There are 2 protein chains.
Amino acid sequence: VGTFKVTLAYDGTEYVGWQRQASGVSIQGTIEEALMELEGAAVTVSGAGRTDAGVHAAGQVASFSIRRTIGPDALARALNAGLPPDVRVLKAEEVPDSFHARFQARVKTYRYRIFNGAVLSPFERRFAWQVAGPLDVEAMASAARAIEGRYDFAAFQGAGSDTGSTVRDVARSRLASAGLDIELREGPGAMRPLVVYEIQGNGFLRFMVRNIVGTLVEIGRGRRAPESIAGVLASRDRRQAGPTAPAAGLVLMSVDYDEVRGFAASS
Amino acid sequence: VGTFKVTLAYDGTEYVGWQRQASGVSIQGTIEEALMELEGAAVTVSGAGRTDAGVHAAGQVASFSIRRTIGPDALARALNAGLPPDVRVLKAEEVPDSFHARFQARVKTYRYRIFNGAVLSPFERRFAWQVAGPLDVEAMASAARAIEGRYDFAAFQGAGSDTGSTVRDVARSRLASAGLDIELREGPGAMRPLVVYEIQGNGFLRFMVRNIVGTLVEIGRGRRAPESIAGVLASRDRRQAGPTAPAAGLVLMSVDYDEVRGFAASS
């Protein structure tokens, strides 16, 4: 038996999300099907982040064990040959059998991409939330920074979620603007007026990033003061936060694990 | 009667190209249909660049005349309401009736995007040509510069084309690399190893840009010397050039016209 850690990128537009659902095509199910071809038997894949319907990944991490003897590079190639082009294995590594992509994840980084222009670029329509009208990016940046730290994020949790503790550590919460190390404008051409939000933490509640972004956009539109975000956090009341930003803008950028831990070298 | 100049962006993936064809959906036909809704009668639209099937535009220019009295901003909004999200009007301007988007175009700029990585990013699959394996970007850059100037580009013309003169002026032909003003790597994440080629000229033969790129990639792969491009030009023989690069990587970035010329201010 070999256990593998795979790093994945996907365009989530056509999927019901990471997790298998009663109906619709999931990323997890798509990968499990490609693995079944390889293994000749059902394989269960664990993903570090259970991205919702329409959410993308540039660095999702998943793990699974298979009986078939295969090196990590051959595994990546075989999986990519079986997967649709909107789901790609970027890297495969053989890891100790004790490795579990979700339980051992230490830090996750998400980006949210806002297209702040009157006409949504056809190249961005799958990967951004279009917000027309002026945005006060400085006010948004200051509010974003106010949630760095250990807080109870209950106010930003999706309604109807049922989890234990709603306390999370947010190591970084930044809006891209001049002087920060995330670029405000990305991509080809002058026609991408993108505002990019990045959040890094040890874990995220359901819809937490999208609810934070929805609140930041209300601040950017001048409908809330940047200082109000502390009161939203303190309220622990979902109704105090802004609306849930659309799935299309959200990208799981990377998942980090403790170094060392006995990772095996390639195959 | 009002004559309008519109600047368009489109994801060409699902289209048979700019021009109406016997079958399939064209960009021109799509815009003419949206205009017909507005005008209540057939309208003919002229495009500056007749982009081929699968080719994109970030700054195509088109012109047409309508009887309906409408301001340029209202026209842009009305067209966008009728167009699918993969075709967008970025700007509309009222122009003298003598304006013609194709006949008066002075300079066109195209970019070609090469994804030089083993695994094609799901975010780039519609907008780039994947070339796996190492590319000698310096050799490609030097070959690219060798075609700046006035040359007979017959060797780079699509087979079966029937045009008059095959002489064109190429004002700029550059590969992005450190020190040039086109960025080598664009877009979000570290996973976009993009090589970008830009060419600017007064006109292009059919498949000319894609045939140049196919030749540059052969040079990048070490199958041709960078100096060989001069001989290809001199041969005027299509068989001396490389293969036609795929449509997906090509983007019509902008079309320039002479300034002044009596352009009316926004009505």
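These legends go with close-up views of the two biggest pockets in a predicted model.

Some housekeeping: residues count from 1 along each chain as its sequence is written, while chains are lettered from A and ligands numbered from 1 in the order in which they are written. Local features need pLDDT of at least 70, side-chain atom pairs count only at pLDDT 80 or more, totals for chains, interfaces and linings use all residues, and side-chain values use heavy atoms, with hydrogens and water left out.

**View 1. The largest pocket, about 790 Å³.** A pocket here is an open set of points on a 1 Å grid over the protein atoms alone, where a 1.4 Å probe fits, with protein on both sides within 12 Å along at least five of seven lines. Its volume is the space filled by probe spheres set on the points, which are joined across faces, edges and corners. Gly49(B), Arg50(B), Phe204(B), Leu205(B) and Arg206(B) are the closest to the centre among 29 lining residues (those with an atom within 4 Å of a point).

**View 2. What the wall of the largest pocket is made of.** Chain B's β5 (107-115) and α4 (208-220) each give two or more residues, and α4(B) has the largest share, with 3. (Elements are DSSP runs numbered from the N terminus: helices are H or I, at least four residues; strands are E, at least two.) The lining splits into 14 nonpolar, 8 polar and 7 charged residues; Asp, Glu, Lys and Arg count as charged, Ala, Val, Leu, Ile, Met, Phe, Trp, Tyr, Cys and Pro as nonpolar, and the others, Gly among them, as polar.

**View 3. The second largest pocket, about 690 Å³.** Nearest its centre, out of 31 lining residues, sit Gly49(A), Arg50(A), Phe204(A), Leu205(A) and Arg206(A). α4(A) supplies the largest share of this lining, 3 residues.
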